[in-house]
Amino acid sequence: MQTGYDLELSTLTKRYGETVAVRGLNHVFHSGSYVCLLGPSGCGKSSTLRMIAGHEEVSEGQILLDGADISRLPPARRGTAMMFQNYALFPHLNVRDNVAFSLRMKGVDKVTRHGRADELLALVDMTDYAERLPAQLSGGQQQRVALARALITDPKVLLLDEPLSALDPFLRIRMRAELKRLQRELGITFIHVTHGQDEALALADEIVVMNDAVIEQAGPAREVWDRPRSAFVARFIGGHNVLELDGAKVAVRADAVRVGSDGLPATVTTVEYQGASVALTAKTQTGDEVLALLPEAEFFSAPKEPGDATHLSWSDSQLHRLEA
Amino acid sequence: MTRTLVGWLQAAPLALILLCFLAAPIVMIVIVSFWGATEYSIYPAFQFDNYEFLFGSEVVWRVFGATFRYAAITWALTLVIGFAVAYFLAFHVRSTTWQIALFLLCTIPFWTSNIIRMISWIPFLGRNGIANKTLIDWGLIDAPLEWLLYSDFSVILAFVHLYTLFMVVPIFNTMMRIDKSLIEAAYDGGASGLQTLWHVIIPLTKPGIMIGTIFVVTLVMGDFITVRFMSGSQRANVGRLISNDIGLLQYPSAAATAVVLLCTVLIMIAILLRFVNIRKEL
């Protein structure tokens, strides 16, 4: 399905001297979807984003937007816009002028560009702050301004480089709801780089997990979480136990592990109360650490202490074979 | 109580030094500027003769004019050169090692004294100097250029040579503090190189430009030795006016000129500071 403003990467590669940061990526970002590029630091996700934005030269391969190769165009002519990690607001310009910056560069007259800037400020609910300087805003407010500034160019694809990492946890959750709402309203593609799996699961229509310069797995959030393809994805996405059974690697979701009187013998090592559930870690006789996420009521009906002997079990249908 | 006492004691050494070596001499100069003088003596008094003479003399006005002109031209040239050098160091040299190495290279001329750096221009610019000889050899001119040495040209050349670094250092310093992602953000917003320079880099470099401006303007306004050497004593500025008065033992007149010069420079700095807030740079 190649309709609308699909963004396609074709054998996209980035080299820094001898090291390869991004190795031959092939992927299609569907128009109007919220995609999270997820991975540990140094996996190449930021380089990929910066290549799409045009701030990093493409070593090899192509970036196609709506069928046209944009990989050699300057950032402003690609139909993409970037929101920077630390927002990169111009400290000497007030909020309105920051938002109107790209229109000013195009030579749009003052009345028109300020009018358009005010519309976008209304969209991100920042109308009252138009006259302020960035230094007079909180982190969350600065982010809204950065968002408005990126959106004023009417991009087909918005690129967000770890947009929530500078915010405190409470604000992060509020802002991510807002990002999702905006994406739905605007209907444009958002590509969001993050290293937080909870952020990716909460936001993404599609998650692209990267590791070591390549895509490990890509798919809808639920599919990636339920059926991780490799041990890396299972570990990185969290909530999974990776075990070696009969010479093959398998993943078992932590919430599928049951603690009782039958199954694999193990010793409880830690017990962590998490409110709605209890995280219990146990060591099997082969030395594997297994995490079991038990509903609170179930745990307290037969509480365990570190050092207690117990048995771990799960139904075979919950056992998920990993490819690597 | 003891806390305030300790506080005063801690502030005392610097206050004493400033009092003895800055405030007291200025007060003395102000006092002496009201004294009177004859050809062979000076006498304490409170009269405005010195100031009346200063403001009434057309020569003095012209000399002040010449001093402003030197300051303005030197400022413009050091600003352009200093900004270019700082821009190159801050934005084009990628590795920190090279930045430091090139920056130190700029300071090497400062390992010798001002006077030596100044005088070394003389054999280069003189009538039979290297510059004239080379130009004649190349056939570009028939006779030696007279305006190369002992002229406004040579004075300003020496000023620019001596003081450009005072412009480079503060500008480089502010430029290094500009977040590189701002340049990318400008590029992302469709700004060309020139637009980025004009709308982002220059506004953010203003405090550094202002500090450099204060350095250069005060140095040029107060200079007398460069003007004397490089003009072959054919040009005058306020510093030379004062130095001549001192040579003639006309201390009250010299003091009055110094007071006027000091006030002029302070007014100029006050005006400059109204434009840019440099406090956040210090």
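Helices (H or I, at least four residues) and strands (E, at least two) are taken here as DSSP runs, numbered from the N terminus. With that in hand, welcome to a set of close-ups of a predicted model.

**Figure 1. The two chains of the predicted model, side by side.** By that count, chain A holds 10 helices and 18 strands, while chain B holds 13 helices and two strands. The C-alpha trace of chain A spans about 75 × 45 × 35 Å along its principal axes; for chain B the spans are about 80 × 70 × 35 Å. Of the 324 residues in chain A, 41% are buried, and of the 282 residues of chain B, 28% count as buried. If you like contact maps, look at the pairs with a separation of 6 or more: residues 24 or more positions apart account for 62% of such contacts in chain A and for 70% of them in chain B.

**Figure 2. Where chain A touches chain B.** Here 15 residues of chain A are in contact with 14 residues of chain B. Which elements give two or more residues to the chain A side? They are strand E6 (80–83) and helix H3 (101–106) of chain A. H3(A) gives the most, with four residues. By class, the chain A side of this contact divides into 10 nonpolar residues, four polar and one charged.

**Figure 3. An open antiparallel sheet in chain A.** Four strands line up in the order E2-E1-E4-E5. Strand E2 (19–29) and strand E5 (68–69) of chain A are the edge strands, each pairing on one side only. Between them, strand E1 (residues 7–16) and strand E4 (residues 60–65) of chain A pair in the antiparallel sense over five bridges. To find your place in this pair, start from A:Leu9, whose bridge partner in E4(A) is A:Ile63. As a reminder for this view, strands of a sheet pair through backbone hydrogen bonds, either parallel or antiparallel.

**Figure 4. Strand E9 of chain A and the strands it pairs with.** Strand E9 (residues 206–211) of chain A has five of its six residues buried, so it is largely enclosed by the rest of the structure. Strand E3 (residues 34–38) of chain A runs parallel to E9(A), and four bridges join the two. A:Val35 has A:Glu206 of E9(A) as its bridge partner. E9(A) also pairs with strand E10 (residues 214–220) of chain A, this time in the antiparallel sense and over six bridges. Within that pairing, A:Val208 stands opposite A:Ala218 of E10(A). Which residue takes a positive phi in the hairpin of E9(A) and E10(A)? With two residues between the strands, it is A:Asp212 that does so, near 50 degrees.

**Figure 5. Helix H1 of chain A, a mostly covered element.** How many of the residues of helix H1 (residues 45–53) of chain A are buried? Nine of its nine residues are. Charged and polar side chains are on the list too: A:Lys45, A:Ser46, A:Ser47, A:Thr48 and A:Arg50 are among the buried residues, together with A:Leu49, A:Met51, A:Ile52 and A:Ala53. Just after H1(A) comes A:Gly54, with a positive phi of about 95 degrees.

**Figure 6. Helices H3 and H8 of chain B cross obliquely.** The axes of helix H3 (residues 58–92) and helix H8 (residues 152–176) of chain B come within 7 Å and cross at roughly 45 degrees. The two helices are therefore oblique to each other. H3(B) passes H8(B) in a right-handed crossing. Their contact has 22 nonpolar residues, four polar and no charged ones.

**Figure 7. Helices H8 and H10 of chain B run roughly antiparallel.** H8(B) appears again, now with helix H10 (residues 193–222) of chain B: the axes come within 7 Å and cross at roughly 155 degrees. An angle over 145 degrees counts as roughly antiparallel, and H8(B) and H10(B) are therefore described that way. This crossing is right-handed. The residues that make the contact include B:Phe159, B:Tyr163 and B:Phe166 of H8(B), and B:Ile209, B:Phe215 and B:Leu219 of H10(B). By class, the contact of H8(B) with H10(B) has 14 nonpolar residues, five polar and no charged ones.

Technical notes
Residues are numbered from 1 along each chain as its sequence is written. Chains are lettered from A and ligands numbered from 1 in the order in which they are written. Two residues are in contact if their C-beta atoms, placed from the backbone, lie within 7 Å. Axes are lines fitted to C-alpha atoms, for helices over the stretch in contact, and angles run from 0 to 180 degrees between N-to-C directions. Angles under 35 degrees count as roughly parallel, over 145 as roughly antiparallel, 65 to 115 as roughly perpendicular and the rest as oblique. A crossing is left-handed if the near helix is turned anticlockwise from the far one by less than a right angle, and right-handed if clockwise. Two strands pair if DSSP finds at least two bridges between them. A residue is buried if 20 or more other C-beta atoms lie within 10 Å of its own, exposed if 12 or fewer, and partly exposed in between; C-beta atoms are placed from the backbone.
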